[in-house]
Structure formats: structure tokens, C-alpha cells
Number of protein chains: 2
Amino acid sequence: ITADDGRRALALLSAMPPGQVGPLLRGLTPGQLAPLWRLLAEQNVRAAADLLDHLPDGHIAAMLHLLPSLLGAQLLEPMESDDRIDVLALLDEPTRHGVLQHLPAEVSETWQLGRQYPVESTGAILKSERLAFSEDATVADLVAALKRNDAQIEHYETRYLYLFDQKGRHFGAVPLHRLLLQDAQRPLRDWVDSGVPTVTPALPIAELKGVFDHVRYSVLPVVDDEGRLVGVVDQQDLQEALYEEAEKSSLERGGIFGGEEMRSMPLLTRGLRRLAFLLPSVVLSYAAVSVIALYEPVLEQVVLLAAFLPLVANLSGAVGNQAVAVSIRELAVDRIGSDAVGRVMRQELPIGLLAGLVVGLVLAALSLLRGGDHPELPWVIGGAYALSSVVTVLLGGALPLWLRRLGLDPAMLASPVLTTLSDATAFFLVLFLAQWWLLG
Amino acid sequence: ITADDGRRALALLSAMPPGQVGPLLRGLTPGQLAPLWRLLAEQNVRAAADLLDHLPDGHIAAMLHLLPSLLGAQLLEPMESDDRIDVLALLDEPTRHGVLQHLPAEVSETWQLGRQYPVESTGAILKSERLAFSEDATVADLVAALKRNDAQIEHYETRYLYLFDQKGRHFGAVPLHRLLLQDAQRPLRDWVDSGVPTVTPALPIAELKGVFDHVRYSVLPVVDDEGRLVGVVDQQDLQEALYEEAEKSSLERGGIFGGEEMRSMPLLTRGLRRLAFLLPSVVLSYAAVSVIALYEPVLEQVVLLAAFLPLVANLSGAVGNQAVAVSIRELAVDRIGSDAVGRVMRQELPIGLLAGLVVGLVLAALSLLRGGDHPELPWVIGGAYALSSVVTVLLGGALPLWLRRLGLDPAMLASPVLTTLSDATAFFLVLFLAQWWLLG
């Protein structure tokens with residue numbers, strides 16, 4: 001694909017079905033992307049910039065580190081402001097500085113502004129492309145502005161235009177569709193929709209979702225403490241942020257921290273990031289198996305227990321991680337608060353008992369098959385699982401809430417910590433009951 | 001909250017900050033929601049319907065089963081068509097039939113139409129509220145239609161209007177902002193934007209994302225095989241679908257199948273759904289530990305191995321599940337196809353070697369502490385982990401692709417199957433090497 005003819009590459013990409021361009025481009029490493037985009041930009045910098053939308057932000061940032069900053073700026077300029085901020089945030093300081101120097105001053109300002117807002121706030125996902133007018137502007141002024149922005153208009157919010165007063169404060173939102181067939185000279189303020197609520201940039205996105213659920217508008221003005229309009233936020237941006245959040249926590253739960261891993265990233269980066277999860281896991285897992293070493297005499301007499309230890313531990317972990325998954329989900333959609341520990345435990349207890357009974361019976365039956373000279377083994381295994389199931393399901397339900405209350409990320413920590421606890425619980429219960437029942 | 005005064009409840013809910021209404025309502029069970037909504041609807045059915053947006057679809061459906069079908073219809077009618085279809089899909093047949101009877105005929109038709117499209121296709125997320133006109137309609141006709149739909153206009157797509165020809169086929173899309181200050185009598189077709197592409201209802205949503213990445217338009221017309229406009233789809237709907245998909249697979253990976261679990265659901269339903277994951281896990285886990293039983297003589301001589309079996313198995317599972325998480329993510333965003341097994345394995349192999357070396361050394365050191373009379377134990381444990389890490393990381397990377405190729409859901413199956421394979425691999429390698437090295 002690193003053909004020496006940029007025009008041919010551009011023609012090829014334009015002719016492909018849109019659904020196939022993304023997978024093709026995303027399969028390339030930053031080292032392959034940089035020369036390709038250089039070729040594409042030589043032909044048509046705008047078309048090259050448009051193709052960037054197919055790449056994840058991490059790919060774009062990695063590629064920009066390999067391109068001259070002028071070209072980087074040319075590629076970033078046509079982007080939507082919220083997407084551009086996401087990419088700028090991923091650049092290292094010198095590259096970002098270089099790129100920003102070649103971009104218009106207001107881009108630099110928007111970047112500075114965007115940095116102020118916390119990651120999961122409305123300010124972090126707002127878009128600055130909107131039509132804003134003084135409150136005494138007329139329909140004719142609007143039409144002139146639309147013409148001026150024609151090339152970029154698809155990036156602008158055009159369902160509403162926003163008016164500001166003489167002090168620059170947000171005055172109101174005017175639905176564009178009310179302006180059809182109106183007199184060019186009438187002021188826009190005559191059609192303000194007074195029902196449109198404003199939101200602040202500091203509003204967390206979970207609460208922003210509550211606001212959108214509450215109103216019929218799909219795009220809202222974002223107004224700062226001084227009453228100035230700083231941008232607009234629409235449901236698409238919100239859903240996109242929620243999606244990225246969900247994907248990030250899904251990866252975290254699989255042991256991939258620090259955002260997305262792309263297999264096209266350098267091996268050492270990928271390896272170190274994965275080890276960052278594995279090495280603490282060694283400590284946790286070693287702590288759990290230390291319980292086993294305490295009961296070596298029991299194991300010496302009933303070696304068969306060595307096979308049942310991981311079985312009971314795995315299945316305790318499974319039932320506990322179900323409770324973890326439901327609690328993480330309920331926290332994510334604001335269905336419960338981090339203070340609902342008591343309620344969650346009451347709702348998990350019967351599940352733990354049910355699973356303990358059913359799975360415990362199955363395990364008892366399986367141990368009967370292998371029991372040999374220990375007729376009490378089924379009671380030990382079934383009983384240990386039943387107790388362990390109840391304990392881990394309660395811990396699993398509560399742990400994400402406790403972590404959240406400590407300001408820690410449940411998606412990242414709940415599952416490994418729970419698995420350690422459930423392993424230790426299961427090992428202890430099997431060996432303790434075995435000592436007491438079989439040898440006592 | 002089940003106050004006897006509906007008006008008070010409605011006033012209370014309207015006065016609350018929007019971000020708090022959702023968590024409050026979502027904490028209620030369907031049995032508590034039904035009488036509350038009955039009270040709210042008595043006061044103001046439209047306001048009651050608006051509040052439904054705060055509830056997940058499953059809650060709304062559960063509540064509708066407890067309400068008279070006329071009231072159910074009144075609550076569903078003001079919803080956006082795509083959201084309404086999601087709720088209708090969750091109702092049991094008699095309730096749905098009852099509700100549909102009280103709804104306008106076109107809702108019933110849209111429901112029938114929506115059913116035809118596969119779950120993850122564009123047809124399943126399209127919205128039928130759009131402004132559609134014959135190609136010879138004029139600006140004045142549009143203004144009249146906007147007035148007619150005024151109460152519902154926030155649900156309508158108003159960035160574009162859509163023209164159809166005499167045979168009812170899609171003719172083109174007109175950006176509303178081009179119509180300002182235009183003559184009332186001029187036909188709308190004069191301002192068709194010929195760049196707006198159409199999509200088909202059968203297009204999978206992963207490919208729809210590719211199309212949106214390729215164009216600057218944020219809303220696209222959906223046209224069927226006969227060329228008729230069946231609805232519009234915007235990026236918000238797409239992002240919402242992607243988010244729900246991500247949440248569903250995140251829950252599945254935690255062992256919660258069959259969509260979302262709400263702790264307000266009946267206990268038996270929750271219990272059975274969780275057992276549906278646990279019972280197959282018993283089989284898988286039992287299969288893995290059967291390897292241990294084969295090596296009882298080895299264990300009898302080196303009981304200490306009982307503690308290292310779960311340790312090596314857990315850490316093999318951890319490194320394998322990292323590869324699973326990355327592959328699932330890369331499949332989900334179409335970064336790789338299910339035929340990329342060879343490439344994925346080549347990119348995972350060095351990670352497996354690195355993790356095997358580093359974690360293997362740590363485990364060898366830990367076993368040295370406990371080794372006692374078996375100086376070769378560190379070699380057995382470290383060596384078993386190094387080999388197991390390589391095997392499971394390759395399996396973990398490839399398994400989601402193999403499952404996808406078989407038409408199975410990687411999010412649901414990859415992790416439990418991988419854990420079984422990594423357990424069995426780890427158990428076998430530790431015990432085999434122990435037999436060979438310590439006792440050989």
C-alpha cells in the first residue's frame with residue numbers, strides 16, 4: 001500500500017466501499033501510515049484529512065509524531081474541535097507545540113480551554129463549531145454566515161443558532177426551522193426557543209445523560225459561569241463518550257490498562273503495559289495460594305484435594321465475578337450509588353445461596369465419583385462451595401461500590417481483587433473442612 | 001415515593017435536578033413503577049411519557065406488563081420510533097398486541113417493518129420521524145408541515161428534508177439551512193444536496209460506522225431495495241447502538257448472559273440466568289482439573305505442587321485473557337478480520353515470551369523460597385509458566401477469531417473457554433515437568 005504514486009492511492013481509497021477503508025487503514029502501523037498520508041496530502045490535503053476519521057485517535061497521534069508539524073497542522077485543521085482536542089491530548093509536548101504553532105490562534109485557545117475540564121465532564125466533549133450571533137443580528141446576517149462557513153458546514157451545529165447579549169452572555173437558542181420564509185431584516189431574537197436549557201462545562205457526563213433524558217432537545221448549549229456560550233454538546237458526542245468509556249472498562253477488565261492497545265504499537269510498549277497488570281497479579285495470586293501451604297499436612301493425607309482446590313476456587317470466582325459485573329454496570333448507568341452496599345448484599349445473598357446449593361450439589365456428586373476411601377469428601381467439597389459461593393457473591397456485589405467510594409476504578413480493580421479473595425476463601429474452606437471432617 | 005398524590009409526585013420529579021431523577025426512578029421495581037406511572041399519567045400523560053426516557057428499556061417493558069394496554073399505548077406514543085421498537089420487542093405477545101391496538105396503524109406497520117431487520121443492522125436503529133415530500137413540493141409546503149408537527153418536532157430529523165419522486169422512490173436530501181430567505185413558491189428540489197449518500201436497512205452497524213467515518217454528514221437517509229426512504233439514521237443512534245453492544249459484551253464477559261440484569265428483576269429469573277453460565281463452567285472447569293487427577297502419584301511425592309498448580313494456572317489465564325481482550329476489541333472495531341489468526345499469533349508470540357520470561361523468573365524465585373528438599377522445583381515452576389504463557393497467549397489471541405468464524409459470540413465464550421484451556425495447559429505442564437525433572 002506504500003505505493004509511490006499518491007494519486008493512485010487516493011483514487012483507490014476513494015473508490016473502495018467505505019466499510020472496507022477503515023479496516024484496511026487500521027491494519028497499518030504508524031510507520032506505514034506516515035508516508036502514506038504524506039503522499040495523500042501531496043495530492044489533496046483536504047481529502048487526506050477526511051480519511052483520518054477512519055483511524056483511532058491513538059493511530060493519528062502516533063502518525064503525527066512522524067510527520068512535519070506543518071503537515072500535521074494541515075491534517076488536524078479540518079477536524080471537528082472535540083476530535084481534534086482528543087488527538088492533541090495524545091501528542092507529546094514538542095509535537096503538540098509544533099502543530100499548534102501552524103494552527104489558527106483560536107484552535108490553540110480551544111485546546112487550552114478544553115484542558116481545563118475534567119476527563120468525564122461535559123466540557124471535555126463539547127464542540128465549538130456553532131453559529132453564534134449578537135442578539136440584534138438579522139436573518140440576513142445568518143444567511144451570510146452560513147454562506148461563509150459553507151465548506152465546513154457539515155461540522156457545524158445547524159439545528160440551532162445561539163444569540164449573545166452585549167456583554168457576551170448567552171441570550172437564547174433559535175431553532176433554524178422557525179426561520180423559513182421570514183423577513184431578512186427581522187432580528188433573530190424574535191424566534192428564541194425559551195425552553196432550551198443550558199448546561200455547564202463542569203457537568204459530569206453521567207449527569208449530562210440525565211439532562212438529555214429529561215428534555216426533548218438533542219443538542220444543548222454549554223454556558224460557563226460568566227454566562228458565555230463555550231460550545232454545544234449533542235447526544236452523539238455524549239453517546240460516543242459513553243461508548244469509549246464502556247470499551248475502556250471492558251479492556252481494563254481483561255487486564256489491558258492505560259487505554260487501548262493496538263497490536264501495531266511497539267512491542268516493548270505493549271509488553272510493559274501487559275506486565276503492569278501481570279506482576280501485581282503474581283502478588284495477589286501468591287497471597288491466595290499461600291493458604292494452601294498452611295494445610296500441607298491435610299493435602300499429604302488426601303492428595304485428591306489438589307484437584308478440587310482449583311475447581312472450587314474457579315467456580316467461586318465465577319459466581320463472584322457475575323456479581324461484580326452487575327455492580328459495575330449498575331454503577332456505570334447510575335442505577336445505584338456507592339452507598340448501596342446493604343441493598344446490593346441483600347439482593348445478592350439469595351443468588352449466592354441458590355448457586356451454592358445447585359453448584360455445590362453438582363460438585364458433591366462429582367467428588368463422589370472420585371472419592372475413593374473418603375466417603376465424607378462430597379460433604380467437604382459441596383459444603384465448601386456453598387459457603388464460598390455466599391461469601392464471594394456478597395464480596396463481588398459490594399467490592400465495586402467500596403472501590404468507587406475510595407475513588408478507585410472498579411472496572412480495573414474489582415475483578416483481580418475479587419478473584420484473590422475468592423481463591424483464598426475457597427482454598428481455606430476446602431482445606432479447613434477437610435481437616436475437620438476427614439481427619440478430625 | 002408511592003405517594004397517593006400524583007400531582008405532588010409529578011411536581012416533585014419536575015423540580016428535581018435532572019441528573020437525580022434517573023437514579024431515583026431506576027432504583028424502583030416494576031411493581032413500584034406501575035402505580036407511580038398510573039398516578040403521573042392521570043395528571044399529565046405527556047409529562048409521564050417524557051419521564052420514561054430515564055428508565056432502561058427493560059424497566060419500561062416490565063412496567064407496561066402491569067399497566068392497562070390503553071395507558072401503555074398512551075405512554076409509548078410520544079416516544080421516538082426507534083426507542084419504541086426496542087421496548088415493543090421486550091413485551092410478551094399479548095401485552096404487545098394489546099398496546100399496538102391502541103396505537104395508530106403506522107406504529108404497528110413500523111413495528112412489523114423493524115422486526116424484519118437483523119439485530120445489528122442499520123434497519124434496527126433507524127428512526128422513521130423525518131420530513132418527506134414529493135419532489136415538486138415547495139418551501140411553503142415544508143413550512144406548513146413544520147407547523148403541523150410542531151409538538152413533536154424535537155423528535156424529527158430537521159437538518160435535512162427528503163424528497164421522493166412520483167413512484168415513491170428516494171429522490172434526494174435537502175439541507176434545511178439552504179432554504180432560508182427563499183421564495184415560498186420555489187420547489188424544494190432546487191436545493192438537493194447531491195453528495196448525501198444513502199444506506200440500506202440491511203447494512204450491519206459496524207459498516208454503517210465506516211460510512212459515517214467516510215462522509216461529513218451526521219445523518220443519512222435509509223433507502224430500501226425498491227428505492228423508498230424507510231427512515232433516517234444519525235450518528236447518535238449509531239453511537240447508542242455501539243454503546244449498548246459494548247455494555248452487553250462487557251456483561252457477557254462477566255458471566256451475565258441474555259442482556260442486562262437488573263437487581264430489581266425477580267429472584268428466580270436472575271438466579272436461573274446466572275446458573276446458565278455457572279453450570280457449563282462446572283463442566284469446563286472439571287475437565288481442566290481432571291488433568292491433575294492423572295498425576296496423583298507425582299502430587300503424593302511433592303505435595304507442595306498443590307499450591308503452585310493454581311498459581312501457574314491463574315497467571316497463565318491472566319496473560320491469555322489479555323490477548324483475548326485485545327482480540328475482542330480489535331474485532332469489535334473492525335481492526336482485524338476473523339482470518340487474521342496468523343498475524344495475531346505473530347504479534348502475540350513475543351508478548352508470551354516476554355511475560356513467560358519475566359513472570360516465570362518471579363515464580364521460580366518464589367518457589368525457591370518454598371522449595372525445601374527439591375532444588376529443581378524453581379526450574380519446573382518457572383519453565384512450566386514460560387511454556388504455558390506462550391501457549392495461552394497464542395490461544396487467547398486466536399480464540400476470539402476462531403469463534404467469530406464459527407458464527408459464535410467471542411465476548412460470551414472466549415474467556416471461559418480460554419480459562420479452561422489455560423488451566424489444563426498449566427496443570428499438565430507443571431505436573432509433567434515435575435514428573436520428568438523431580439522424579440525422572
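Visitor: How many salt bridges are there between chain A and chain B?

Guide: A salt bridge is a side-chain nitrogen of Lys or Arg within 4 Å of a carboxyl oxygen of Asp or Glu. In this predicted model, the count between chain A and chain B is eight. One of the pairs is A:Arg329 with B:Glu247, whose closest N and O atoms are 2.5 Å apart. On the side of chain A that touches chain B, 64 residues are nonpolar, 28 polar and 28 charged (Ala, Val, Leu, Ile, Met, Phe, Trp, Tyr, Cys and Pro count as nonpolar, Asp, Glu, Lys and Arg as charged, and the others, Gly among them, as polar).

Visitor: What is the area buried between chain A and chain B?

Guide: People often give the size of an interface as the accessible area lost when the parts come together. Here that's about 11,100 Å², with carbon and sulfur atoms giving 61% (accessible area lost, 1.4 Å probe, summed over both parts). A:Arg216, A:Arg263 and A:Arg335 supply 9% of what chain A buries against chain B, more than any other three residues.

Visitor: Which rotation superposes chain A on chain B?

Guide: Two copies of a chain are related by a rotation about an axis and a shift along it. For chain A and chain B it's 180° with 0.0 Å of shift, RMSD 0.2 Å (least squares on C-alpha atoms of residues with pLDDT of at least 70 in both). That is the relation of a two-fold axis.

Visitor: Any small print?

Guide: Residues are numbered from 1 along each chain as its sequence is written, and chains are lettered from A in the order in which they are written. Side-chain values use heavy atoms, without hydrogens and water, and side-chain atom pairs count only at pLDDT 80 or more, local features need at least 70, and totals for chains, interfaces and linings use all residues.

How values were computed:
Buried area = accessible area lost by both parts, 1.4 Å probe.
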